[in-house]
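The following report walks through one protein model for a reader who has not met it before. Please keep the sequence and the three-dimensional view at hand while reading.

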Amino acid sequence: MTRPIRVTVWGENRHEQHDESVARIYPDGMHNTIAEGIRENLGEGAVVRTATLDEPDHGLTEEVLADTDVLTWWGHVAHGEVSDEVVERVHRHVLSGMGLIVLHSGHWSKIFVKLMGTSCTLRWRSDHDRELVWTVDPTHPIAQGVPHPIDIPEQEMYGEFFDIPAPDELVFVSSFSGGEVFRSGCTFRRGHGRIFYFSPGDQEYPVYHHRDVRRVIANGVAWAVSDRAERALPTLLRYETGEFFHGADYAHAAPEIAEARAAAEVRDA
């Protein structure tokens, strides 16, 4: 991609408004802290905006999504308040090629559950646990430039069983002080869209100020960008006998063969 990545950072922004302990950690809101980390790591390679639950259409209008290459999502206490219409809109854009980064308790968001097709439930304990995030796929672009392990001094424990489909790629696994482990960094593909789930980031702890967590999220954004020229839903196509070698989609998929066949037809005419 030659132009900057267009990123929309979506945050529920409820804890920051109502919980004094959270407001002290994230005075400008978690969404702004996450956005700051992406700008910090991607620099001029990204243009980052934010959107929150209480904006009209939750800040996710058709125009905003059409102008978004990658959407990040953080929610917790107000999953049920997210409009089904907006969820359908986001779902359509993901299938059409928009990238999606789902963070921490976003595992139970309407959009992630819809895309996964499972309950997305897990085991948890909010008890000032130490989390170690172990890289299990060091060749993956999302793992580049991060230490092994990432050491997060205080964090909510997320543990198995995590009811998600088998990830396309497992990038990170976390361990906790109680002996639990968790698939904390997973990728999925749905339609033309790339999805990355990354679990560190409870509102009660300053995890989104952590240098290495910010790097992972930024890496995820860069990875999730579609390489397709245009955004479009996967389409069911009918071919008649013999049409395959002459159809527009074949010309798009293998132009060199289409051109050779066209040249041969001209010669034979």
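In this predicted model, ring pairs link Phe112, Tyr158, Phe162, Phe182, Phe188 and Tyr197 into a cluster. The count of aromatic pairs comes to nine, and two of these pairs are set out in the table below, each with the distance between ring centres and the angle between ring planes.

| Aromatic pair | Centre to centre | Angle between the planes | Class |
|---|---|---|---|
| Phe162 and Tyr197 | 5.4 Å | 55° | tilted |
| Phe172 and Phe198 | 5.7 Å | 55° | tilted |

Phe162 belongs to the loop between strand 6 (150-159) and strand 7 (169-176), while Tyr197 belongs to strand 9 (residues 193-198), so their pairing ties together parts of the chain that are 35 residues apart in sequence. Phe162 and Tyr197 are both buried. In the other pair, Phe172 lies in strand 7 and Phe198 in strand 9, so this contact between rings ties together parts that are 26 residues apart in sequence. Phe172 and Phe198 are likewise buried.

Another kind of arrangement involving a ring is found at Trp223, where the charged end of Arg194 sits over the ring, 5.3 Å from its centre.

From the rings one can turn to the nonpolar cores. In soluble globular proteins, nonpolar side chains tend to be buried together. The largest nonpolar core here has 35 residues, and among its members Phe172, Phe198 and Tyr208 touch the most other members. The element that gives the most to this core is helix 7 (residues 211-224), which supplies six residues. Apart from this core lies another one, made of 32 residues, which include Ile111, Phe162, Ile164 and Ile195.

What is Tyr208 in contact with, leaving aside its neighbours within four places in sequence? Its partners are Tyr26, Met30, Thr33, Ile34, Trp74, Leu103, His104, Pro200, Gly201, Val213, Arg214 and Ile217.

A further residue to look at is Ala46, which is found in strand 2 (residues 46-52). Is Ala46 buried or exposed? Its relative accessible area is 10%, which is under the 20% limit, so Ala46 is buried. When neighbours within four places in sequence are set aside, Ala46 is in contact with Pro4, Ile5 and Val7. Ala46 and Ala222 are 176 residues apart in sequence, although their C-alpha atoms are 8.9 Å apart in space.

Empty space is the next topic. The second largest pocket holds about 240 Å³ of space, and its lining consists of 14 residues, of which His76, His107, Trp108, Trp124 and Tyr158 lie nearest the centre. Strand 5 (123-135) and strand 6 are the elements that give two or more residues to the lining of this pocket. Tyr158, named here in the lining, is also one of the residues in the ring cluster described at the start.

Finally, some values describe the protein chain as a whole. The chain has nine helices and nine strands, and its C-alpha atoms fill a box of roughly 80 × 40 × 35 Å, taken along the principal axes. Of the 269 residues in the protein chain, 49% are buried. Among contacts between residues at least 6 apart in sequence, 71% join residues that are at least 24 apart, and the ring pair of Phe162 and Tyr197, with its parts 35 residues apart in sequence, gives one example of how separate parts of the chain are tied together.

Key
Residues numbered from 1 in each chain as written. Predicted model: local features only at pLDDT ≥ 70, side-chain atom pairs only at ≥ 80, totals over all residues. Heavy atoms only, no water. Core = buried A, V, L, I, M, F, W, Y, C linked by side-chain atoms within 4.5 Å. Buried < 20%, exposed > 50% of the residue type's maximum accessible area, 1.4 Å probe, protein only. Helix = DSSP H or I, 4+ residues; strand = E, 2+ residues; numbered from the N terminus. Contact = heavy atoms within 4.5 Å. Phe/Tyr/Trp six-rings, centres within 6.5 Å; stacked < 30°, edge-to-face > 60°. Lys NZ or Arg CZ within 6 Å of the ring centre and 35° of its normal. 1 Å grid on protein atoms, 1.4 Å probe; cavity = no way out; pocket = protein on both sides within 12 Å on 5 of 7 lines; lining within 4 Å. Points joined across faces, edges and corners; volume = space filled by probe spheres on them.
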